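Me: I would like to learn how to read pockets and a bound ligand in a model. Can we go feature by feature?

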Amino acid sequence: MNAQILNGKEIAAELRTCVAKAVTYLNKQSVYPGLATILVGRDPASSVYVANKSRLAKELGIKSFQYDLEENITEKELIKLIDELNDNHEVDGILVQLPLPKHINTDIILDTIKPNKDVDGFHTINAGNLYLNRKAVIPCTPLGCLIMLRSLKVSLHGLRAVIIGRSNIVGKPMSQLLLKENCTVTVVHSYTKNIKEIVKESDIVVAALGIANYVKESWIKPGAIVIDVGINRIKENGKNKLVGDVEFDKIKNIASAITPVPGGVGPMTIACLLMNTVLQCSSNNNIELDNNNFKNFL
Ligand code: NAD
């Protein structure tokens, strides 16, 4: 079997077109969505992610407010900046790029962002709403994964799904989303025994652990759908290469669908962030978006 390659670049481009249309719609009502990004320190990968988020926001007509802060900024100073952005009417979304330096308490920072300006879905209230099956801001990476799964137009009801990794950013919210889709969900992690056996029984595999080529071809049930969230930088034949958490080249011959790395989940994450920004903006301004906007995605 040759797997369908789920082209995250293409789906993300479609989603961004819808975001751009929503921005135009809001602009016609004199509402201008704005996204503030905060980067603390100079981590090269984080700098690239934040720069891409700001660039794409601008391309879609979303105002971008970029804060590149010194590594040694205090927690108090960071909270002060977020408080100012919470009160700034030009800002609809505040994104704090993770991870933060160790001297800053991430939980406190994420809960300082007002829930209605949280575009990552990491505030306690938004995470709780997702858990309780209420209207919530959905974390961008799991949302991107779900949109790619839905693009397959197959019923997810009753499918067995395994999520490898239990982080607050990916694994846990992904489990909530798949439960909502009526999948039977297992979350495995670094302490789980027999991961291979659990993966072998699964119709959907979401790999989000951050270990290059961890999931082997022999673990995959023929016809399974494989979503690879991992981003790992490795050296191959002396060259730097980006790979995911699954053996893509082999698994693509037995899975029914698979996401590549790069060009899979990554672009979807950014497109979902931009969608969340526009959704927060419309909701904060009591404007109902034309309901065609995101109907294929939400
Ligand atoms: P994390 O380090 O916070 O969590 C990793 C999880 O994997 C943990 O729950 C841990 O228990 C589990 N784990 C570690 N080793 C394991 C093992 N041997 N077997 C089973 N489980 C194991 O990571 P994260 O933030 O969730 O990110 C995971 C990966 O996804 C990373 O490669 C990251 O770069 C990538 N990521 C990609 C995107 C994207 O947009 N494509 C977004 C976020 C994260």
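**Pockets, ligand and backbone**

Reply: Start with a helix. α10 gives the most to the lining of the second largest pocket, with 5 residues. Keep in mind that this is a predicted model.

Me: How does one find such a space, and what is the volume of the second largest pocket?

Reply: The general idea comes first. Rolling a probe the size of a water molecule over the atoms shows where empty space is left. Here, the second largest pocket has a volume of about 690 Å³.

Me: Which residues lie nearest the centre of the second largest pocket?

Reply: They are Lys135, Ala136, Val137, Leu279 and Leu298, out of 29 lining residues. Two or more lining residues come from each of α5 (124-131), α6, α7 (171-180) and α10. Sorted by class, the lining holds 14 nonpolar, 9 polar and 6 charged residues.

Me: Now the largest pocket. What is its volume?

Reply: About 1300 Å³. Its lining counts 45 residues. Tyr49, Thr141, Ile231, Gly266 and Thr269 lie nearest the centre. The elements giving two or more residues to this lining are α1 (8-28), α2 (44-59), β4 (93-96), α6 (140-150) and α10.

Me: Which element gives the most to the lining of the largest pocket?

Reply: α2 does, with 8 residues. By class, the lining of the largest pocket divides into 25 nonpolar, 11 polar and 9 charged residues.

Me: Where is the ligand with respect to the pockets?

Reply: The ligand takes up the space of the largest pocket. Next, read the shell of residues around the ligand.

Me: How many residues are around the ligand, and which come nearest?

Reply: There are 21. Arg166, Ser167, Tyr214, Ile231 and Thr269 come nearest. Ile231 and Thr269 are also among the residues nearest the centre of the largest pocket.

Me: Which helix gives the most to the shell around the ligand?

Reply: Helix α10, residues 265-284, with 3 residues. α10 also appears among the elements lining the largest pocket. In the second largest pocket, α10 gives the most to the lining.

Me: How does the shell around the ligand divide by class?

Reply: It has 10 nonpolar, 10 polar and 1 charged residues.

Me: What should I look for in polar contacts to the ligand?

Reply: Look for pairs of N or O atoms within 3.5 Å. Then ask whether the protein atom is in the backbone or a side chain. At Arg166, a polar backbone atom is 2.8 Å from a ligand oxygen atom. At Tyr214, a polar side-chain atom lies 3.0 Å from a ligand nitrogen atom. At Thr269, a polar side-chain atom lies 2.7 Å from a ligand oxygen atom.

Me: What percentage of the accessible area of the ligand does the protein cover?

Reply: 71%. The ligand on its own has 860 Å² of accessible area.

Me: Let us turn to the backbone. Which peptide bonds should I check for cis geometry?

Reply: Look for omega near 0°. The bond from Leu98 to Pro99 is cis, with omega near 0°. Pro99 lies in the loop between β4 and α4 (106-112). The bond from Val261 to Pro262 is cis too, again with omega near 0°. Pro262 sits in the loop between β11 (257-258) and α10.

Me: Is phi of Asn182 positive or negative, and where is Asn182?

Reply: Positive: phi is near 65° in Asn182, a residue other than glycine. Asn182 is in the loop between α7 and β6 (184-188).

Technical notes. Residues are numbered from 1 along each chain as its sequence is written. This is a predicted model: local features need pLDDT of at least 70, side-chain atom pairs count only at pLDDT 80 or more; totals for chains, interfaces and linings use all residues. Side-chain values use heavy atoms; hydrogens and water are left out. A residue is near a molecule or strand if one of its heavy atoms lies within 4 Å of it. A polar contact is a pair of N or O atoms within 3.5 Å; within protein, one must be able to donate a hydrogen and the other to accept it, and residues adjacent in sequence count only if both atoms are side-chain atoms. Accessible areas come from the Shrake-Rupley method with a 1.4 Å probe; for residues, only the protein chains shown count as cover. On a 1 Å grid over the protein atoms alone, a cavity is a set of points where a 1.4 Å probe fits but cannot get out, and a pocket is an open set with protein on both sides within 12 Å along at least five of seven lines; lining residues have an atom within 4 Å of a point. A molecule sits in a cavity or pocket if more than half of its atoms lie within 2 Å of its grid points. Helices (H or I, at least four residues) and strands (E, at least two) are DSSP runs, numbered from the N terminus. Ala, Val, Leu, Ile, Met, Phe, Trp, Tyr, Cys and Pro count as nonpolar, Asp, Glu, Lys and Arg as charged, and the others, Gly among them, as polar. Grid points are joined across faces, edges and corners, and a volume is the space filled by probe spheres set on the points.
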